[in-house]
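Me: Please take a close look at the buried interior of this model, and at the side chains and loop positions that can be set beside that interior. I would like one connected account, with the reasoning spelled out where a cut-off matters.

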Amino acid sequence: MAIPSGSGTEVIKSTQIIGLTDSVQTLITGVADHIYTVLSIIVCEADDQAGDQINIYLTDSDGSSNPAFLLRSQPVGAGETFVFNDKFSYTGGTQKLQIKVKTTGNMDVRCTYIDQDWT
């Protein structure tokens, strides 16, 4: 991506996943000429059952490369909420921000981010 020199837009957005279990879900799918700044990711263990662990990482859009972990094996106890509020940015086009629950937990996830569009 070239250094932006014209006008663009900057919009705060959010995405959510309700009932995330043993699977990988995409929070943000990158688009060319966009810069994403993630403000927070809130994860709540919704069943008040045994806790679980989550992974949060960046990967290529097609999932073919090794993930770049931002958080690995983070425990979220039964009925607990975990807040990842370390801000970070990445450019779109080839990357996705993904989350994975490692076993059978039931997690609700909310991600808040700024989307800068320079197309």
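Reply: A residue is called buried when its relative accessible area is under 20%, exposed when it is over 50%, and partly exposed in between. The model discussed here is a predicted one. Cys111 has a relative accessibility of 0% and therefore counts as buried, whereas Cys44, at 27%, counts as partly exposed. The sulfur of Cys111 has its closest cysteine sulfur in Cys44, 16 Å away, which is too far for a bond. A disulfide requires the two sulfur atoms to lie within 2.5 Å, and by this rule the count of disulfides comes to 0.

Cys111 also leads into the interior, since it is one of the residues in contact with Ile41. In soluble globular proteins, nonpolar side chains tend to be buried together. Here the largest nonpolar core has 24 residues, and those with the most contacts inside it are Ile41 and Leu97. Beyond its neighbours within four places in sequence, Ile41 is in contact with Leu97 itself, with Leu27 and Ile56, with the run Phe82, Val83 and Phe84, and with Val109, Arg110 and Cys111.

A second view of the interior comes from Val43, which lies in strand S3, residues 34–45. Val43 is buried because its relative accessibility is 0%. Once neighbours within four places in sequence are set aside, the contacts of Val43 are Ile54, Val76, Glu80, Thr81, Phe82, Ile99, Met107, Asp108 and Val109. Phe82 and Val109 thus appear among the contacts of Val43 and also among those of Ile41. Between the C-alpha atoms of Val43 and Gln16, which are 27 residues apart in sequence, the distance is 9.8 Å.

Charged and aromatic side chains add further links. The structure holds 1 salt bridge, formed by Lys13 and Asp115, whose closest N and O atoms are 3.1 Å apart. This pair joins distant parts of the chain, with Lys13 in strand S1 (residues 9–20) and Asp115 in strand S9 (residues 107–117), 102 residues apart. The two partners differ in their exposure classes: Asp115 is buried, with a relative accessible area of 6%, while Lys13, at 35%, is partly exposed. Elsewhere, the charged end of Arg72 sits over the ring of Phe69, 4.2 Å from its centre. Aromatic pairs number 4, and Tyr36, Tyr90 and Tyr113 form one aromatic cluster.

The loop between strand S2 (24–29) and S3 holds Ala32, and Asp33 lies in that loop as well. Ala32 is partly exposed, at 44% relative accessibility, and so is Asp33, with a relative accessible area of 35%. Apart from its neighbours within four places in sequence, Ala32 is in contact with Gly92, Gly93 and Thr119, and its C-alpha atom is separated by 7.6 Å from that of Thr91, 59 residues apart along the chain.

Backbone geometry deserves a word at this loop. Most residues other than glycine have a negative phi. Asp33, however, has a positive phi, near 65°. Ser73, another residue other than glycine, also has a positive phi, near 55°; its place is in strand S5, residues 68–76, and with a relative accessible area of 27% it is partly exposed.

Technical notes:
Residues numbered from 1 in each chain as written. Predicted model: local features only at pLDDT ≥ 70, side-chain atom pairs only at ≥ 80, totals over all residues. Heavy atoms only, no water. Helix = DSSP H or I, 4+ residues; strand = E, 2+ residues; numbered from the N terminus. Buried < 20%, exposed > 50% of the residue type's maximum accessible area, 1.4 Å probe, protein only. Contact = heavy atoms within 4.5 Å. Phe/Tyr/Trp six-rings, centres within 6.5 Å; stacked < 30°, edge-to-face > 60°. Lys NZ or Arg CZ within 6 Å of the ring centre and 35° of its normal. Salt bridge = Lys/Arg side-chain N within 4 Å of Asp/Glu carboxyl O. Core = buried A, V, L, I, M, F, W, Y, C linked by side-chain atoms within 4.5 Å.
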